[in-house]
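Thanks for making the time this morning. I would like to walk through a few local details of one model, and then the packing around them, so please have the sequence and the structure open as I speak.

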Amino acid sequence: MIKKSVTMSDVAKAMGVSTVTVSKALGDREGVSEALRERIKQKATEMGYRAHTGGHAQNDGLTYNIGIVVAKRFISEPSAFYWIMYKYLVELLQKQNYYGMLEVVEDGADSPCEIPNSVRDRKVDGLILLGQFSDKYIDKLMQYYIPTVFLDFYGSRDDADTVLSDNFYGAYILTTHLIVNGHRRIGFLGSIGSTSSIQDRYLGYYKALLENRLPLRQDWIVGDRSYEGEIHKSFELPKDLPTAFVCNCDESAFKLVSQLRDMGLRIPDDISVAGYDNHVYSTMCQPHLTTMDVNSRQMASEAVEIILHKIRDGSYKRGRTLVMGKLVLRDSVKNLRVTNE
């Protein structure tokens, strides 16, 4: 019987550290304390690990590539939110001696659900799915049994590891801020069926209305994007406008402010507008947007930590990880209480 060779993954599991840490220690690279380096080397020797010269160990069984898969509709612009998230992921992976491979795919009603070559050819150790994907596409991707983390969305699978901004609570806090400032006629701008994030933000908005016994008017729920995810240049606004809008993202809020101004309305004197994400549009907008800051760097950090842990330990499950946001107060919301008192 041929004895199975010891891999870096075996050493990592025995030491309770990541495979990347073992690779750094055995390769005498920075990022590992001297004491830990010596313990890892000793354990590797005891276990009979043998490395080859040059690069990563030949028998560690890893490619040191992580596929970052994103639907094409989410990165149509260089300033798009998911480009920012992708840059964070690549930066964090590099610190762990991993390479983030961007895979842009079509995922829509008429798309063929094509699987990236890096997945089919087993050229990645793990996958980070960034943005919303259909259950059909996810099911097809999961057939390859590659460690996977969902980032900034969730689907119907109960076996998925997911990292999310706390969208429900964030929109609840944002809407409550408007209510505390005297607003009783509050609308929501966002296509509810587009992504799980928008849907959760809508539900947080709705909870705040329910708690304060405020009406949910369907004519004040305004869609902001096409099925393909492209945000409209203008929105179908009701004739009877609310005093404030909670917007599902800063880009939509930015476009709404422009449209309202073209209608002769002043922000926030005539109508208040709140955004979400604290993205570049929040400060491009005049006035600057009150918004909910999404801690995208922390979300990326959680996703990287989870995927590397899953690579090291195939049985590892984290489940659902929520990252808190922070309310950012600027000049786009008027305090009606001051006016009425």
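Asn278 sits in the loop between S9 and H10, and in this model, which I should say at once is a predicted one, its phi comes out near 60 degrees, a positive value in a residue that is not glycine. Most residues other than glycine have a negative phi, and most peptide bonds are trans. As for its surroundings, Asn278 has a relative accessibility of 25%, and therefore counts as partly exposed.

A second positive phi, near 70 degrees, belongs to Asp152, which lies in the loop between strand S4, residues 148-151, and strand S5, residues 161-165. Is Asp152 buried or exposed? With a relative accessibility of 4%, and a cut-off for burial of under 20%, Asp152 counts as buried.

Let me turn to the peptide bonds. The one that joins Ile267 and Pro268 is cis, with omega at about 5 degrees, and Pro268 is placed in the loop between helix H9, residues 250-262, and strand S9, residues 272-274. Another cis bond runs from Gln286 to Pro287, with omega near 0 degrees, and here the proline, Pro287, belongs to the loop between helix H10, residues 281-284, and strand S10, residues 291-293.

Next, the helix packing. Helix H1, residues 8-15, packs with helix H3, residues 34-47, at an angle of about 120 degrees, the axes being 10 Å apart. H1 and H3 are therefore oblique to each other, since the range for roughly perpendicular is 65 to 115 degrees and roughly antiparallel begins over 145. The crossing of H1 past H3 is right-handed. Which residues of H1 meet H3? They are Asp10, Val11, Ala14 and Met15, and their partners in H3 are Leu36, Arg39, Ile40, Lys43, Ala44 and Met47. Sorted by character, the residues of this contact are seven nonpolar, three charged and no polar.

Finally, the interior. The largest nonpolar core holds 84 residues, and those with the most contacts inside it are Leu89, Tyr98, Leu129, Leu130, Phe133 and Leu151. Taking Leu130 as an example, and leaving aside residues up to four places away in sequence, we find that it touches Ile68, Val69, Val70, Ala71, Tyr82, Met85, Tyr86, Leu89 and Leu151. There is also a second, separate core, of 18 residues, with Leu241, Leu256, Val257 and Leu260 among them.

Conventions
Residues are numbered from 1 along each chain as its sequence is written. This is a predicted model: local features need pLDDT of at least 70, side-chain atom pairs count only at pLDDT 80 or more; totals for chains, interfaces and linings use all residues. Side-chain values use heavy atoms; hydrogens and water are left out. Axes are lines fitted to C-alpha atoms, for helices over the stretch in contact, and angles run from 0 to 180 degrees between N-to-C directions. Helices (H or I, at least four residues) and strands (E, at least two) are DSSP runs, numbered from the N terminus. Angles under 35 degrees count as roughly parallel, over 145 as roughly antiparallel, 65 to 115 as roughly perpendicular and the rest as oblique. A crossing is left-handed if the near helix is turned anticlockwise from the far one by less than a right angle, and right-handed if clockwise. Contact means heavy atoms within 4.5 Å. Ala, Val, Leu, Ile, Met, Phe, Trp, Tyr, Cys and Pro count as nonpolar, Asp, Glu, Lys and Arg as charged, and the others, Gly among them, as polar. Buried means under 20% relative accessible area, exposed over 50%, partly exposed in between (1.4 Å probe, protein chains only). A nonpolar core is a set of buried Ala, Val, Leu, Ile, Met, Phe, Trp, Tyr and Cys residues joined through side-chain atoms within 4.5 Å.
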